[in-house]
Amino acid sequence: MAEEPRKIVILGGGLTGISAALHLRRPWVLFEREAKLGGLAVTEERDGFHFDLTGHWLHLRDPAIKQLVAEVLPVEMASVQRRARIFSHGVTTLYPFQANLFGLPPEVIKECLLGVIQAKLQAPGAHPRNFEEYCLQHFGAGISRHFMIPYNEKLWGVHPRTITADWCSRFVPLPNLEEVVAGAVGADAGRMGYNISFLYPKQGGIETLTRALGARIQGGEVNLRSKVESLDFRRREVLVAGERVPYHAVVATLPLPELLARMPGLPDDIASHATRLRCTTLRYLNVATRSPPRADWHWVYVPEKNLPFYRVGIYSNAAAGMAPAGAASFYVELAERGPVSDATLSEVAQALTTIGAIGSPEDIRFADAREIKYAYVVFDEHYRAATTAIFRFLESHSIYPRGRYGAWAYNAMEDCLLAGREVAGTIEAALGSKTP
Ligand SMILES: Cc1cc2nc3c(=O)[nH]c(=O)nc-3n(C[C@H](O)[C@H](O)[C@H](O)COP(=O)(O)OP(=O)(O)OC[C@H]3O[C@@H](n4cnc5c(N)ncnc54)[C@H](O)[C@@H]3O)c2cc1C
């Protein structure tokens with residue numbers, strides 16, 4: 001019997017899977033569990049209000065990815081100057097906190113400045129063992145206490161002393177002393193951070209980008225509503241909807257624990273590393289208001305323990321088409337990990353009023369609770385050993401884990417587009433002259 005031809009199999013059709021498909025030159029087949037492509041980069045619509053899976057603002061650095069986006073959406077993207085804020089101690093200040101202390105109560109500014117000066121005066125310490133130490137070394141005690149620790153504890157759902165600083169190099173701006181002082185006295189500290197401006201579709205939310213990229217893929221087969229059931233790494237076959245698909249190589253973009261759980265016969269050490277992979281689940285709200293927002297920001301960080309969310313964003317402040325005229329669409333990322341109750345909803349409505357996002361709770365037309373099961377990979381003390389061993393094992397079987405949850409990382413959409421391009425090249429090189 002003739003052997004079925006082997007292909008390159010892409011598991012998952014989020015931005016990483018789409019990008020791999022776009023960049024592969026050999027035949028591929030993609031399996032996506034949902035009814036449409038996009039993964040986290042999709043947009044919901046209700047009554048004319050549009051919501052991404054919380055804020056999905058596009059930050060591009062790579063020239064080829066910039067060109068790709070410009071080609072698929074030549075006029076549909078707007079470049080938006082970031083308006084990011086912090087709400088703490090009852091006031092709204094500029095982002096990032098560490099470079100914009102101006103406007104905070106004087107005793108807080110004093111504590112933060114003294115902390116930074118003390119931290120800068122100290123001889124460089126040992127490599128920080130955890131994120132709390134990282135914050136104390138770089139920002140000192142005040143900024144750590146008033147922003148870094150409480151904000152990150154709300155975001156990660158665990159204390160910063162239980163995570164490492166491995167994730168934060170690009171995402172946490174590090175001002176020098178002059179910039180901190182300038183920001184404390186209200187002199188322009190400069191606009192810091194990786195996201196000073198961002199791209200965003202004028203219409204239709206981030207899914208506009210996903211669709212445009214998806215429309216461009218060719219040279220393979222996209223299977224939607226196709227959940228991968230198992231992967232037999234010894235026979236090099238994937239089982240989907242009862243069908244066995246032989247592969248040359250696999251691009252695995254589904255969450256790493258989900259992949260490993262579908263691989264019977266894992267060596268004991270790999271199975272044991274798999275039990276150590278941790279991730280937070282995010283609960284958030286799509287909020288629609290019947291009136292314009294009170295705030296002009298795109299998003300605000302909220303370190304305060306007594307407020308139920310850690311970040312709130314207003315889509316329609318970035319793209320007016322995200323809500324009907326005279327109304328607004330918001331995302332509210334909740335600190336609470338449990339199910340969203342009516343009490344939470346009324347607490348959120350009150351807190352949105354407190355931070356000056358809306359005029360009163362009555363402005364809210366609806367608030368829909370949503371969940372992202374895999375949201376933030378937790379970089380704890382097991383992370384490095386577990387991922388190193390797991391990736392080595394997978395790649396030795398021509399399974400290439402990529403993307404935010406495939407590669408078990410903290411990254412952004414552009415990183416996923418880059419990972420798809422990189423893995424296509426890696427696989428082409430590994431297969432060499434093998435016929436498809
Ligand atoms: C709260 C939050 C906010 C974010 N904000 C931003 C932002 O502002 N800017 C930015 O650039 N990035 C942002 N990101 C990051 C961005 O969403 C990701 O980097 C990117 O979308 C991940 O793409 P991916 O393809 O790797 O993974 P995913 O989008 O998760 O795609 C994986 C795909 O695999 C599919 N799948 C899962 N299991 C199976 C199975 N068994 N069989 C078949 N298919 C399966 C899923 O349905 C999904 O489509 C944010 C992420 C989060 C969580």
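The following exercises, with worked solutions, concern a predicted model.

**Exercise 1. Domains and their contact**

Task: State which domains the chain is assigned, and describe how domain 1 touches domain 3.

Solution.
Step 1. The domain assignment divides the chain into domain 1 (7-77 + 203-274 + 381-431), domain 2 (84-185) and domain 3 (279-377).
Step 2. Between the C-alpha centres of domain 1 and domain 3 there are 29 Å.
Step 3. Domain 1 supplies 16 residues to the contact, and domain 3 supplies 17 residues.
Step 4. On the side of domain 1 that touches domain 3, strand β4 (residues 49-52) gives the most, with four residues.
Step 5. That side of domain 1 consists of eight nonpolar, six polar and two charged residues.

**Exercise 2. The shell around the ligand**

Task: Determine which residues come nearest to the ligand, and from which elements and domains the shell is drawn.

Solution.
Step 1. There are 36 residues around the ligand, of which G12, G14, G39, G403 and A412 come nearest.
Step 2. Two or more residues each are given to this shell by α1 (15-23), β17 (364-377), α12 (403-406) and α13 (413-431).
Step 3. Both domain 1 (7-77 + 203-274 + 381-431) and domain 3 (279-377) contribute at least three residues to the shell.
Step 4. Sorted by class, the shell around the ligand holds 16 nonpolar, 13 polar and seven charged residues.

**Exercise 3. The packing of α1 on α6**

Task: Decide whether α1 is roughly parallel or antiparallel to α6, and identify the contact residues.

Solution.
Step 1. Two packed helices are described by the angle between their axes and the distance between the axes.
Step 2. For α1 and helix α6 (residues 207-216), the axes come within 9 Å and cross at roughly 30 degrees.
Step 3. Angles under 35 degrees count as roughly parallel, and α1 is therefore roughly parallel to α6.
Step 4. The crossing in which α1 passes α6 is left-handed.
Step 5. From α1, the contact uses L15, I18 and L22, while α6 provides T210, L213, G214 and R216.
Step 6. By class, this contact of α1 with α6 comprises four nonpolar, two polar and one charged residues.

**Exercise 4. Two partners of α3**

Task: Establish how α3 is oriented relative to α4 and to α5, and give the make-up of each contact.

Solution.
Step 1. Helix α3 (residues 106-121) packs with helix α4 (residues 131-156) at an angle of about 165 degrees, the axes being 7 Å apart.
Step 2. Since angles over 145 degrees count as roughly antiparallel, α3 and α4 are roughly antiparallel to each other.
Step 3. α3 passes α4 in a crossing that is right-handed.
Step 4. Among the residues making the contact are V108, E111 and C112 of α3 and L136, Q137 and H138 of α4.
Step 5. The contact of α3 with α4 has nine nonpolar, seven polar and one charged residues.
Step 6. The axes of α3 and helix α5 (residues 177-185) come within 11 Å and cross at roughly 170 degrees, which makes α3 roughly antiparallel to α5.
Step 7. Here I109, L113, V116 and K120 of α3 meet L177, V180 and A184 of α5.
Step 8. This contact of α3 with α5 contains six nonpolar, no polar and one charged residues.

**Exercise 5. Backbone features in two loops**

Task: Locate the cis peptide bond and the positive phi in a residue other than glycine.

Solution.
Step 1. Y95 and P96 are joined by a cis peptide bond, with omega about -5 degrees.
Step 2. P96 belongs to the loop between β7 (91-94) and α3.
Step 3. D47, a residue other than glycine, has a positive phi near 50 degrees.
Step 4. D47 is placed in the loop between β3 (43-46) and β4.

How values were computed:
Residues numbered from 1 in each chain as written. Predicted model: local features only at pLDDT ≥ 70, side-chain atom pairs only at ≥ 80, totals over all residues. Near = placed C-beta within 6 Å. Nonpolar A, V, L, I, M, F, W, Y, C, P; charged D, E, K, R; others polar. Domains from an automatic or database assignment. Axes fitted to C-alpha atoms, helices over the stretch in contact; angles between N-to-C directions. Parallel < 35°, antiparallel > 145°, perpendicular 65-115°, else oblique. Left-handed = near helix turned anticlockwise from the far one by under 90°. Contact = placed C-beta atoms within 7 Å.
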